[in-house]
Amino acid sequence: MKYSEIERKLKDAGCYLQRSGGNHPIWYSPITGRNFCTSHHKSEEAKQKTVKSISDQSGVKLLSR
């Protein structure tokens with residue numbers, strides 16, 4: 001899954017970008033009330049472990065199991 005697809009699913013679920021720049025974009029999830037990081041590399045494939053981590057932190061189901 002590419003980071004651009006992850007960001008689209010996060011936005012659809014109500015998550016939003018708090019700040020960009022620096023090392024990583026920081027997102028906020030109203031589902032979990034937590035901040036979490038993604039990547040600036042939108043066309044790059046994310047590792048499955050990274051996708052699971054973002055999914056757990058955001059409360060958004062990113063992978064179909």
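Biologist: In the hairpin of β2 and β3, which residue takes a positive phi?

Modeller: Helices and strands are read here as DSSP runs, numbered from the N terminus, with at least four residues for a helix (H or I) and at least two for a strand (E). In this structure, the hairpin of β2 and β3 has 4 residues between the strands, and G33 takes a positive phi near 75°. This is a predicted model, in which local features need pLDDT of at least 70 and side-chain atom pairs count only at pLDDT 80 or more, while totals for chains, interfaces and linings use all residues. Residues are numbered from 1 along each chain as its sequence is written, and side-chain values use heavy atoms, with hydrogens and water left out.

Biologist: How many bridges join β2 to β3?

Modeller: The general idea is that two strands pair if DSSP finds at least two bridges between them. Here β2 and β3 run antiparallel and are joined by 4 bridges; to see this in the structure, look for W27, whose bridge partner in β3 is F36, and for Y28, whose bridge partner in β3 is N35.

Biologist: Which strand pairs with β1, and in what sense?

Modeller: Strand β1, residues 16-19, pairs with strand β2, residues 26-29, in the antiparallel sense over 3 bridges. R19 has I26 as its bridge partner in β2. These two strands also form a hairpin, with 6 residues between them, and G21 in the turn has a positive phi of about 105°. Another glycine with a positive phi, of about 100°, is G14, just after α1.

Biologist: Which residues of α1 are buried?

Modeller: A residue is called buried when its relative accessible area is under 20%, exposed when it is over 50%, and partly exposed in between, using a 1.4 Å probe and protein chains only. In α1, the buried residues are Y3, I6, E7 and L10. They lie on the same side of α1, because the arc that they cover around the axis is only 95°, where the arc is taken from the directions that run from the helix axis to the C-beta atoms. These buried residues pack against β2, β3 (34-37) and α2, contact being defined as heavy atoms within 4.5 Å.

Biologist: Which residues make up the largest nonpolar core?

Modeller: As a general idea, nonpolar side chains tend to be buried together in soluble globular proteins. A nonpolar core is a set of buried Ala, Val, Leu, Ile, Met, Phe, Trp, Tyr and Cys residues joined through side-chain atoms within 4.5 Å. The largest one here has 11 residues, namely Y3, I6, L10, C15, W27, F36, A46, V51, I54, V60 and L62. Two or more residues of this core come from each of α1 (3-12) and α2 (48-58), and the largest share, 3 residues, comes from α1. Leaving aside residues up to four places away in sequence, V60 touches K9, L10, A13, C15, I31 and S55.

Biologist: Is E7 buried or exposed, and what does the side chain of E7 join in a polar contact?

Modeller: E7 counts as buried because its relative accessibility is 8%. A polar contact is a pair of N or O atoms within 3.5 Å; within protein, one atom must be able to donate a hydrogen and the other to accept it, and residues adjacent in sequence count only if both atoms are side-chain atoms. The side chains of E7 and K42 form such a contact at 2.6 Å, and E7 also touches W27, T38 and S39, among residues over four places away in sequence. S39 sits in the loop between β3 and α2 and is buried too, with a relative accessible area of 9%. The side chain of S39 reaches the backbone nitrogen of H41 at 3.1 Å.

Biologist: How many disulfides does the structure hold?

Modeller: A disulfide is a pair of cysteine sulfur atoms within 2.5 Å, and the structure holds 0. The cysteine sulfur closest to that of C15 is in C37, 13 Å away and therefore too far for a bond. C15 is buried, with a relative accessible area of 4%, whereas C37, at 38% relative accessibility, counts as partly exposed.
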